[in-house]
Amino acid sequence: MDLNSKQRIIIILVFAFYTAALLIYSLVTRKSLKEGKGDYLSKFYTGGRTGGIIITAMMVSAGVAGAGVFMGVPGFTYTYGATWMVCCFFSIGSNLMVLGLLGKRVGIVARRTNSKTFIDLFMNRYNGNKIVGILCGVSTLFFLGGFAVSTITGGGRIFQILTGQDYRIGLAIFTALVILAALTGGIKGVASAMVIQGIVMTISVLVLFIMGVNSTGQTYTAVIQTLMDTDPKWFLPGTNALQTTISYAILWGVTTFTLPHVTMTALTYKDTKTLHRAIKIGTVVVAIWLLGLNGLCFITKYTFAKGTLATADLAIPSLAVKVMPAWAAGLVLAGVCGAVQSSMGGMIVSLAGTIVSDLYKNIFYKDAKPETLKRLNTLAVIVVSFVIFLLASNPPQLLAQLITYATGGLTVVFFHTVLLGLFWKRANEYGAIAGIISGISLYLLIDRGILDMSLGFNACIIAALLSTLIAVLVSFITPKTPYGVIKTWFGTA
């Protein structure tokens, strides 16, 4: 999108002011790591388990949405057709799937076991088995790392459209901002910033929708009718449309609880009352985002002819720049960038926790000193962020492709691990190990076409179902989980 110098300066100034305000806020939240009960790592990863209603709701909402909802899915829809809007709508239930399905049980057990991370919690469920911890930890680093790459790529692309400068410059700036935000406030600082981002994004989506429709000079229904007349194929379902829709209904909606950076929310909320209210608020917020942004997919398709966008992922940012005053566009794009930073911050905290708490402390050095863990945590945040920066330097053309691959990998690892662990007493570490290994193997083989058994579904769907069956069978023929673990997880005391 071409901008004159005045527009570009205004947008950059608004963006810079908004970003500076968030950084100041992050520095203020630093005191949360020094106050309250618990050790440094506990406060860094769980926020002292004092998360309020809005923070709890926004942690799930922003963790699920991020660059995928704001850029990835609209880009996929612009490129491949309206079917992808239907798939994305299933994310509306993400708060229910995470907080409703897992929230209460996970919150109770996490306090009983003093678990600091998602993997730490389920290592306890599977009898402290180190192989379970290693498999879950390495898988999280690989697949959640891929998710993080797609997320920060979105921020870099928005910087590109804001300034006209090289994408990698924006990427470097975003990486530095994420490191600072994560180190200064831990998960509580990141989550607090998510509240601001959520409010700004909700208002922005509503305003952008209204202005986007008005920019066409037609009614909303007339725009849709024009598209149907000029590009009817865009509305038609593609090959295996039913399987595709079912796959993404599961991947982007039902299995949200397999995303470690989202599910860690269940370790941070204050009480059950908070949990229940957060589910309602979070569902409404995500619904507004999805209805507004998916609704704008018709407007972007109508407004931008094929080949006029540098990449389809820039459809929504380009629309904001085109139809809004420079200051308003700057605020909208700054809000999107802020949401990307917050979502990215949650992933970095989760990845650092995987390295320091789940792998280093729980697997190799159980008696590591707090000072050592604190230093390693800082180093892990910096190194992980830098690696993600390097990987994001050559991003895919469509973010949704990388997001889909990463979430599919996390699904095959954690689907059976979480569900069987939470709701079936007979599940044990042997079944979990068998399920993880078979799940990853099947996912890679089906995805690459070596095994022709997808039946038209995304590769992770068949892999997750078969690996769950394998986990059940292995659990039945191997020793039961010790009574102490079962009492901790299923007892009422």
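The legends below accompany several close-up views of a predicted model.

**View 1. A nonpolar patch on the surface, with V138 as one of its members.**
Here you can see I134, V138, F364 and Y365 making up a nonpolar surface patch of about 410 Å². To find V138, follow helix α7, which covers residues 130–163. V138 has a relative accessible area of 48%, so V138 is classed as partly exposed.

**View 2. Helix α15, end to end.**
This helix runs over residues 370–392, a total of 23 residues. From the first C-alpha to the last, α15 reaches 33 Å, close to the 33 Å expected at 1.5 Å a residue. If you would like to pick out its buried residues, look for L373, N377, A380, V381, V384, S385, I388, F389 and A392.

**View 3. N127, a residue with positive phi.**
Most residues other than glycine have a negative phi. N127 is not a glycine, yet its phi is near 60 degrees. You will meet N127 in the loop between α6 (118–125) and α7. With a relative accessibility of 36%, N127 counts as partly exposed.

**View 4. L455, in another loop with positive phi.**
The phi of L455 is near 60 degrees, again a positive value in a residue other than glycine. The loop to zoom in on joins α17 (429–447) and α18 (459–477). The relative accessible area of L455 is 61%, and L455 is therefore exposed.

**View 5. Cysteines in a structure with zero disulfides.**
A disulfide is a covalent bond between the sulfur atoms of two cysteines. How many disulfides does the structure hold? The count is zero. C136 offers a helpful case: the closest cysteine sulfur to its own belongs to C460 and is 17 Å away, so the two are too far apart for a bond. C136 is also buried, at 3% relative accessibility. C297 is another buried cysteine, with a relative accessibility of 1%.

**View 6. G93, in the loop between α4 and α5.**
To place G93, look between α4, at residues 83–88, and α5, at residues 94–113. Is G93 buried or partly exposed? At 25% relative accessibility, G93 counts as partly exposed, because buried means under 20%. For a sense of scale, try the distance from G93 to A21: these residues lie 72 residues apart along the chain, and their C-alpha atoms are separated by 32 Å.

Technical notes: Residues numbered from 1 in each chain as written. Predicted model: local features only at pLDDT ≥ 70, side-chain atom pairs only at ≥ 80, totals over all residues. Heavy atoms only, no water. Patch = residues over 30% accessible without salt bridge, like charges linked within 9 Å, V, L, I, M, F, W, Y side chains within 5 Å. Areas by Shrake-Rupley, 256 points an atom, 1.4 Å probe, with all protein chains shown as cover. Salt bridge = Lys/Arg side-chain N within 4 Å of Asp/Glu carboxyl O. Helix = DSSP H or I, 4+ residues; strand = E, 2+ residues; numbered from the N terminus. Buried < 20%, exposed > 50% of the residue type's maximum accessible area, 1.4 Å probe, protein only. Expected span 1.5 Å × (residues − 1). Disulfide = S-S within 2.5 Å.
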